Amino acid sequence: MEQHQRLPIPQYVMTLAHAAALRSEDPYRKVGAAALDADNRVIGTAYNGLYPGFKAKDNFWQNRDERQKYMLHAEINLCSLIRRGEAKIVACTTMPCTSCMQALCAHGVKTIYYAEPYPKSEAPAIAAMYGIELIQIQDYPLSKHFPLVQNTIS
């Protein structure tokens with residue numbers, strides 16, 4: 001009898017983050033995040049989008065540069081769901097931007113997995129300074145369902 005192999009934690013939490021990203025209403029960039037506690041239990045999932053319950057006008061999504069300032073990042077939405085020190089591991093479909101990395105640090109996260117790099121981010125330097133593991137995970141069950149980023153809208 002073939003023994004079933006259990007999905008490793010990095011791939012598990014990345015899959016949760018990816019599934020959360022699919023809820024984003026942003027047609028250009030869908031970003032998801034998921035958090036696990038010290039016992040690897042799910043304590044939250046989140047995605048980028050507008051303030052909960054806010055309905056944007058139809059033309060809102062047409063101009064990416066204009067709408068960017070209104071989008072709440074997945075990591076910020078995730079931080080709103082957890083208490084400081086509660087999350088041991090966070091996974092993000094995209095490397096956290098500088099501000100989101102700072103927020104995750106402030107929440108005491110020790111390990112951050114991400115799939116897609118973000119060259120403008122200072123996350124690697126912040127992680128190095130604070131001793132946080134920042135690890136790219138590219139192979140997980142939903143990873144073949146990229147891109148979560150579309151270049152079809154300006």
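Begin with the whole chain in a cartoon view: from the N terminus on, the elements run α-β-β-α-α-β-α-β-α-β. That amounts to five helices and five strands, where helices (H or I, at least four residues) and strands (E, at least two) are DSSP runs numbered from the N terminus. The model is predicted: local features need pLDDT of at least 70, side-chain atom pairs count only at pLDDT 80 or more, and totals for chains, interfaces and linings use all residues. Residues are numbered from 1 along each chain as its sequence is written, and side-chain values use heavy atoms, with hydrogens and water left out.

**The overall form**

With the full chain still selected, note that the radius of gyration is 16 Å, close to the 15 Å that the globule rule gives for 154 residues, so the protein is as compact as a globular protein of that length. This radius is taken over C-alpha atoms, and the rule is 2.2 Å times the number of residues to the power 0.38. Along the principal axes, the C-alpha atoms fill a box of roughly 55 × 40 × 30 Å.

Next, colour by accessibility. Buried residues make up 44% of the 154 residues; buried means under 20% relative accessible area, exposed over 50%, and partly exposed in between (1.4 Å probe, protein chains only). Among contacts (heavy atoms within 4.5 Å) between residues at least 6 apart in sequence, 58% join residues at least 24 apart.

**The nonpolar cores**

Select V90, M101 and I112, the residues with the most contacts inside the largest nonpolar core, which has 23 residues. Such a core is a set of buried Ala, Val, Leu, Ile, Met, Phe, Trp, Tyr and Cys residues joined through side-chain atoms within 4.5 Å. Then show the elements that give two or more residues to this core: strand 1 (32-36), helix 3 (74-79), strand 3 (89-94), helix 4 (98-106), strand 4 (111-116) and helix 5 (123-130). Helix 4 supplies the largest share, four residues.

Centre the view on V90. Leaving aside residues up to four places away in sequence, V90 touches A34, A35, L78, L104, V109, T111, I112 and Y113. A second, separate core of 11 residues includes A17, A34, L36 and A91.

**Helix 4 and its end**

Select helix 4 and display C100, M101, A103, L104 and C105, which are buried there. The buried residues of this helix pack against helix 3, strand 3, strand 4 and helix 5. Following helix 4 is G108, whose phi is positive, near 80 degrees.

**T111 in strand 4**

Move to T111, which is found in strand 4. This residue is buried, with a relative accessible area of 8%. Not counting residues up to four places away in sequence, T111 touches K88, I89, V90, I132, E133 and I135. Add L7 to the selection: T111 and L7 are 104 residues apart in sequence and 18 Å apart in space, C-alpha to C-alpha.

**The loop at N40**

Now select N40, in the loop between strand 1 and strand 2 (42-47). Most residues other than glycine have a negative phi. Phi of N40, however, is near 60 degrees, a positive value in a residue other than glycine. N40 is partly exposed, with a relative accessible area of 26%.

**The final segment**

Finish at H145, in the segment after strand 5 (133-136). H145 is exposed, with a relative accessible area of 53%. Select H18 as well: 127 residues separate H145 and H18 along the chain, while their C-alpha atoms are separated by 9.0 Å.
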